[in-house]
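Colleague: I should like to learn how empty space inside a protein model is read. Could we take one case together?

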Amino acid sequence: MSWKYDVVVVGSGIAGPIVARNVARAGFSVLLIDKKWAIGTPKQCAEGISIKVFDKYDIPYDKRFINREIYGAKLYSPSGYELELRYKEVSGVILERKVFDKMLAYYASKAGADVLARTEALDVIRKDGNIAGIKAKHEDEPVEIYADIIVAADGVESTIARKAGINTYAPPHEFDSSYEYEMLIEGFDPDLIHLWFGNEVAPRGYVWVFPKDEDRANVGIGIASDHPETAKYYLDKWLKENNIPMRKILEVNVGVVPVGG
């Protein structure tokens, strides 16, 4: 089985669907694929973004994927000082990433792109020394997808980019590891995001509380991935030290991101 498109976009996180939508709007045939059974899951994100993102990337301000509007941030220093930044207008939102990612793929599809979940890119196809497409598996069936342009939007250490000969390796110290609970939690202003800093709290990182409701939030941590202790160790330690019960956890998310990413 083989297909032909002008552009194939591998990966339906955030970048992939936006590229696919824009390419389709320009009148080119485009296929957006993702290896997951359902686009948007599992979540690997604290789900907070600036309000400016919607205009910058031409994303509709759609209440279907917005949990809560945020009006600023509260920062907690290692020495115990607190700094509150509160604005009169909305400065950011807490998303529901499972819905957000799927809606981005929906917008790409509405613009004319073909979208296929459960379609995994395995390798590139070469013809006369040039990359002519990708070999993939669609619902466990092999398929060859030919295209003039392949967009590797499948993560920081992209498999398809590596197969194309691009060195995507990065040493462990250039990554941060994260651990997060979506949980019931009280006592924090739900109109602000909350960030704790300090090497005792989170080596080369921070702890966050991103409210999704009045009493529900993403509570997570990011630390240097080459640290001897895990992100989970530091997050559980922080929760215990702050007397936050750990018997109201709705979801657990684990991730690895490039430093500053």
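Modeller: Let us begin with the classes of lining residues: Ala, Val, Leu, Ile, Met, Phe, Trp, Tyr, Cys and Pro count as nonpolar, Asp, Glu, Lys and Arg as charged, and the others, Gly among them, as polar. Please note that the model is predicted.

Colleague: How is empty space found, and how many cavities of 30 Å³ or more does the search of the whole structure find?

Modeller: Rolling a probe the size of a water molecule over the atoms shows where empty space is left. In this structure the search finds one cavity of 30 Å³ or more, and the largest cavity holds about 50 Å³ of space.

Colleague: Which residues line the largest cavity?

Modeller: The lining includes Ile185, Phe188, Val209, Glu214 and Arg216. By class, it divides into six nonpolar, one polar and five charged residues. Strand 14 (206-211) and strand 15 (216-224) each supply at least two residues of this lining.

Colleague: How much space lies in the second largest pocket, and which residues are the closest to its centre?

Modeller: The second largest pocket has about 200 Å³ of space. Of its 13 lining residues, Gly48, Ile49, Ser50, Ile193 and Phe210 are the closest to the centre. Strand 3 (48-50), strand 7 (92-95), strand 13 (193-197) and strand 14 each give two or more residues to the lining. That lining has eight nonpolar, five polar and no charged residues.

Colleague: In which sheet does strand 3 lie?

Modeller: Strand 3 belongs to an open sheet of three strands in the order 3-7-4, with antiparallel pairing. Its edge strands are strand 3 and strand 4 (66-70). Strands 4 and 7 pair over four bridges, and Ile70 has Gly92 of strand 7 as its bridge partner.

How values were computed
Residues are numbered from 1 along each chain as its sequence is written. This is a predicted model: local features need pLDDT of at least 70, side-chain atom pairs count only at pLDDT 80 or more; totals for chains, interfaces and linings use all residues. Side-chain values use heavy atoms; hydrogens and water are left out. On a 1 Å grid over the protein atoms alone, a cavity is a set of points where a 1.4 Å probe fits but cannot get out, and a pocket is an open set with protein on both sides within 12 Å along at least five of seven lines; lining residues have an atom within 4 Å of a point. Grid points are joined across faces, edges and corners, and a volume is the space filled by probe spheres set on the points. Two strands pair if DSSP finds at least two bridges between them.
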